[in-house]
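Biologist: Please take a close look at one part of this predicted model: its cavities. Which residues line them?

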Amino acid sequence: MSDFQDRSLEGEEVKTDFIKDMTYSEYLSLDQILTAQNPLTKEHDETLFIIIHQVSELWMKLVIHELNSAIEDIREDDFRMAFKKLARVTNIQNQLIASWSVLATMTPSDYLNFRDSLGNSSGFQSYQNRMIEYCLGYKTTHALKIYEKDPGIHKMLKTQLEHPSIYDEAIRAVARQGFHIDKEVLERKVTETYVPNASVKEAFKQIYLNTEEYFELYEMLEKLVDVEDLYSQWRFRHMKTVERIIGFKKGTGGSSGVNYLKRVIDDYFFKELWELRTEL
């Protein structure tokens with residue numbers, strides 16, 4: 001094997017002296033990432049459980065980065081850049097959905113061996129998932145108390161809460177193109193969860209009935225549908241994975257577990273975009 005590796009490098013000017021230069025591992029801070037798995041038991045599958053959730057949080061960090069940038073693009077009517085970033089978000093979401101299949105290889109017996117070591121920590125407490133919800137327009141403050149332990153995280157969530165969602169900016173973009181949107185929608189408090197509005201649905205309906213004339217707006221709305229569709233699929237795979245592993249046990253964080261996850265599957269971020277499909 002070593003002879004083959006040596007021959008494969010023949011003619012290549014591969015750098016091997018890194019005494020004074022930055023390495024791949026240093027650039028990626030792999031010393032921190034690869035030592036951040038600290039199981040509390042000796043159970044084999046606890047490492048799987050930790051890594052799956054850590055990787056998911058890294059993907060969520062990128063989703064937040066891309067969504068916030070796309071929000072700014074839409075505010076500036078730079079739709080092409082927003083579309084690129086939203087396409088990236090949907091590809092990340094596919095990775096997040098696929099990760100549940102890996103976690104599903106853990107059996108109920110495997111999980112029970114270390115579940116008690118989690119205490120009251122739970123995925124429900126993921127502040128990045130909360131930030132994604134804020135980016136998409138689901139603005140609730142009831143869970144903010146969870147994060148008071150860490151002022152930095154609490155401040156970050158408050159900042160995202162006070163920032164217009166991507167749906168707010170999409171609706172404003174539609175209004176800038178001459179469509180009538182009720183004043184109370186355009187001037188609403190963005191810290192509150194969006195409430196569906198008839199003028200918004202009518203404007204969206206006209207865009208869908210005249211796609212060639214309003215193609216960029218039409219494409220923008222379809223990109224939002226893509227994001228919500230995949231978010232719902234992620235929720236479903238989450239629910240089924242939890243059901244497969246712990247059944248209907250109460251969640252470690254105090255939620256009702258699968259029953260709670262089932263309830264939120266049918267929640268909508270962009271309700272008008274789904275309702276108008278029946279009317280078209």
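Modeller: Start with the term itself. A cavity is a set of grid points where a 1.4 Å probe fits but cannot get out. Its volume is the space filled by probe spheres set on those points. Keep in mind that the model is predicted.

By this rule there are three cavities of 30 Å³ or more. The second largest has a volume of about 40 Å³. Its lining is made of Asp168, Ile171, Arg172, Val185, Leu186, Arg188 and Val190. Two helices, H9 (166-176) and H10 (183-186), each supply at least two of these residues. H9 gives the most, with three residues. Now look at the classes. Four of the lining residues are nonpolar, three are charged and none is polar.

Next comes the largest cavity. Its volume is about 100 Å³. Find Met60, Val63 and Leu67 in its lining, then Val89, Gln93 and Leu96. Asn129, Ile132 and Leu136 line it too. Val227, Tyr231 and Trp234 complete the list. Four helices give two or more residues each to this lining: H4 (44-75), H5 (79-103), H7 (127-136) and H12 (215-246). By class, ten of the lining residues are nonpolar and two are polar. No charged residue lines the largest cavity, whereas the lining of the second largest has three charged residues.

Key:
Residues numbered from 1 in each chain as written. Predicted model: local features only at pLDDT ≥ 70, side-chain atom pairs only at ≥ 80, totals over all residues. Heavy atoms only, no water. 1 Å grid on protein atoms, 1.4 Å probe; cavity = no way out; pocket = protein on both sides within 12 Å on 5 of 7 lines; lining within 4 Å. Nonpolar A, V, L, I, M, F, W, Y, C, P; charged D, E, K, R; others polar.
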